[in-house]
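The following exercises are meant to be worked through with the sequence and the structure open side by side. Please attempt each task before reading its solution.

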Amino acid sequence: MERKVRVRFAPSPTGPLHIGGVRTALYNYLFARQMGGSMILRIEDTDSTRFVPGAEDYINEALQWLGIGIDEGVREGGEYGPYKQSERRDIYRRYVKQLLDAGKAYYAFDTPEELDAKREEAKAEKMTFQYDASTRLGMRNSLSMPAEEVKALIDGGHKYVVRFKIDPDREVLVNDLIRGEVRINSNVLDDKVLYKSADDLPTYHLANIVDDHLMEVSHVIRGEEWLPSAPLHVLLYEAFGWTDTMPQWVHLPLLLKPDGKGKLSKRDGDRLGFPVFPLEWHDPKSGETSSGYREAGYLPQAVINFLALLGWNPGDDREMFGMEDLIKEFSFEHCSKKGAKFDYEKGKWFNHEYLAAMPDDELAELFKPVLAQHGVDAAAFSDEFIAKAVGLVKNRCNFVKDLWDNCAFFFKAPEAYAEKDIKKRWKEGTDVLMRELITVLEGMEDWGAEASEPVVLGWIKDHEYHMGNVMNAFRLTVVGECKGPHMFLITELLGKDETIARIKRGIDNIKPVEA
RNA sequence: GGUCCAUUCGUCUAUCGGUUAGGACGCAAGAUUUUCAUUCUUGAAAGAGCAGUUCGAUUCUGCUAUGGACUACCA
């Protein structure tokens with residue numbers, strides 16, 4: 001019988017969710033939905049010292065903004081809870097004991113200082129110290145010490161850790177859906193700490209395996225940084241006797257810095273001027289603010305599309321994918337093996353595409369807050385007016401906030417006129433021409449663009465005026481500079497009175513520049 | 001240092017032994033336009049190196065080089 005697909009995204013609440021983490025969550029989600037399975041959100045807070053307030057809420061909000069739905073989790077509930085590791089202490093204790101009783105783990109009393117000293121010592125001799133079969137008998141643990149002494153130490157409240165006893169000289173096989181078979185010799189693995197008595201919590205490795213097993217996770221889809229510890233995890237499944245239900249491994253390639261070397265980090269965003277977080281984040285400790293995609297004006301669909309293509313492709317030339325398409329098309333076979341450099345320019349392009357394709361009325365709603373930021377009362381304009389204004393300029397914008405630069409003149413008459421355009425288009429006598437234009441405009445019955453355009457153009461032609469000079473002077477008075485959408489679409493939206501008023505203002509205020 | 005993973009235009013990538021090595025972003029040029037854009041057309045731009053397997057390798061194998069990850073009582 002095929003096992004039901006259950007995947008999990010398991011972040012630590014140690015800060016804002018990184019964009020690479022978002023992609024991992026996305027791939028988990030896509031796979032779960034495609035297979036009709038479940039998506040679990042598990043909070044891995046086994047490191048009490050790194051807990052950051054607000055981080056968990058941030059994770060939830062970010063996933064929600066992006067449309068990555070969660071079926072089971074702290075908020076959603078579910079049959080396999082609790083979904084926060086700090087609330088699962090009793091469970092972990094039980095399984096640590098199981099390993100201890102079976103002789104597959106042991107107590108260790110070495111202090112962090114002693115271990116540091118060992119490492120320093122080894123380093124001085126250009127060696128590395130590893131806590132494993134070759135060294136553990138020389139350390140302070142229940143394998144090297146008499147049972148009574150161990151018992152006395154524990155009963156006396158001595159701090160200890162439990163380490164996994166890894167057998168030497170074993171070949172461990174990790175079967176990865178993206179990378180194929182990865183083999184490693186157990187000699188390079190160290191006796192990992194599974195549990196620390198100091199805070200009565202397991203480490204990632206133990207908690208992860210126990211939870212994945214108990215939550216019946218079928219596929220572990222995570223970042224490539226976990227590949228080196230995957231053999232350890234395989235060995236843990238073995239030690240527990242859970243090999244037959246061990247999840248399928250999938251290690252995703254990393255997101256790399258756009259320039260230079262290394263994986264994308266928090267600092268790169270500030271340094272290169274783009275967000276590395278989905279949402280803006282205010283660090284409660286340092287007070288620092290990190291920018292987010294949402295606040296930078298990105299549309300969630302664009303972020304999803306962009307992220308999905310960073311490491312996955314459909315096998316052909318298609319590039320535009322909505323969430324539903326991704327769910328249908330996604331596959332690990334078409335996931336890349338190599339890390340992807342983060343291409344921010346491409347991300348901007350995706351946003352442009354989604355922005356330009358968005359219906360005008362929806363875009364208008366997103367634009368209203370921007371209007372307010374610039375002191376424009378959106379209520380003074382009809383929704384239809386705003387939608388039309390936005391519709392005329394959206395294809396020249398990457399972000400919602402760019403709309404303002406391109407259509408501000410619809411909401412505020414020009415207060416100044418572009419110097420270089422005056423120089424080029426406003427000569428001696430232009431004012432006379434503009435007065436004549438007013439007369440032509442005033443005489444119009446139908447103000448629509450289709451009707452007014454031929455009238456004005458006909459007037460220009462009949463008098464053999466210079467088309468470019470007249471039209472640009474006209475534009476200068478209405479827009480304030482020589483740019484923007486088709487002239488008659490602007491005047492149609494602005495209305496006859498406003499258009500003529502602006503020309504008059506221009507005639508009064510624009511003076512030719514002496515050459 | 002050790003272990004593991006990777007390697008096609010500047011970037012993201014297609015190709016699952018036989019192609020003029022394709023697409024997209026970005027870049028450049030041209031066209032269109034009453035302006036600025038958009039749009040359209042075109043162009044420059046790639047198989048890390050060396051062996052081997054093969055009639056034939058970007059594709060398979062090995063070595064080298066380069067890049068990356070990991071190497072905590074962090075995840």
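**Exercise 1. State how far apart the C-alpha centres of domain 1 and domain 2 lie, and give the bounds of the domains.**

Solution. The model is a predicted one, and the C-alpha centres of domain 1 and domain 2 are 57 Å apart in it. As for the bounds, chain A is divided into domain 1 (88-252), domain 2 (359-407) and domain 3 (413-515).

**Exercise 2. Describe the surface near RNA strand B: which residues come nearest, which elements contribute, and how do the residues divide by character?**

Solution. Begin with the residues themselves: there are 61 around RNA strand B, and Tyr204, Lys261, Lys338, Arg396 and Met471 come nearest. Next, turn to the elements that give two or more residues to this surface, among them helix 4 (112-124), strand 7 (180-185), strand 8 (193-196), helix 11 (344-357) and helix 19 (487-494). Helix 18 supplies the largest share, which amounts to five residues. Finally, sort the surface residues by character, which gives 22 nonpolar, 17 polar and 22 charged.

**Exercise 3. Decide whether strand 7 is buried or in the open, and work out how it is joined to strand 6.**

Solution. A residue counts as buried if 20 or more other C-beta atoms lie within 10 Å of its own. Of the six residues of strand 7, the number that is buried is zero, and therefore the strand lies largely in the open. For its pairing, look to strand 6 (residues 171-176), which runs antiparallel to strand 7 and is joined to it by six bridges. Within this pair Val174 stands opposite Val182, and the hairpin that connects strand 6 to strand 7 passes through three residues.

**Exercise 4. Trace the open sheet that contains strand 8, and identify its edge strands.**

Solution. Four strands make up the open sheet, in the order 4-5-8-9, with antiparallel pairing. The edges are strand 4 (105-108) and strand 9, each of which pairs on one side only. Strand 8 and strand 9 are paired over two bridges, with Tyr195 standing opposite Pro202 in strand 9.

**Exercise 5. Find the largest nonpolar core, and then examine the packing of Leu26 and of helix 13.**

Solution. The largest nonpolar core holds 114 residues, and those with the most contacts inside it include Val22, Leu26, Phe367 and Val390. Its largest share, nine residues, is given by helix 1 (residues 19-34). Once neighbours within four places in sequence are left aside, Leu26 is in contact with Ile68, Ile304, Leu307 and Ala308. In helix 13 (residues 383-393), the buried residues are Ile386, Ala389, Val390, Gly391 and Leu392, and the buried residues of this helix pack against helix 12 (360-373), helix 14 (402-407) and helix 19.

**Exercise 6. Locate the unusual backbone geometry at Pro82, Asp200 and Glu216.**

Solution. Most residues other than glycine have a negative phi, and most peptide bonds are trans. The bond between Gly81 and Pro82, however, is cis, with omega about -5°, and Pro82 is found in the loop between strand 3 (72-73) and helix 3 (89-101). Asp200 has a positive phi near 55°; this residue is in the loop between strand 8 and strand 9 (201-202), and it is exposed because 12 other C-beta atoms lie within 10 Å. Glu216 likewise has a positive phi, of about 55°, and is placed in the loop between helix 6 (204-214) and strand 10 (219-223). With 15 C-beta neighbours inside 10 Å, Glu216 counts as partly exposed.

Technical notes: Residues are numbered from 1 along each chain as its sequence is written. Chains are lettered from A and ligands numbered from 1 in the order in which they are written. This is a predicted model: local features need pLDDT of at least 70, side-chain atom pairs count only at pLDDT 80 or more; totals for chains, interfaces and linings use all residues. A residue is near a molecule or strand if its C-beta atom, placed from the backbone, lies within 6 Å of it. Ala, Val, Leu, Ile, Met, Phe, Trp, Tyr, Cys and Pro count as nonpolar, Asp, Glu, Lys and Arg as charged, and the others, Gly among them, as polar. Domain bounds come from an automatic or database domain assignment. A nonpolar core is a set of buried Ala, Val, Leu, Ile, Met, Phe, Trp, Tyr and Cys residues joined through C-beta atoms within 7 Å. Two residues are in contact if their C-beta atoms, placed from the backbone, lie within 7 Å. Two strands pair if DSSP finds at least two bridges between them.
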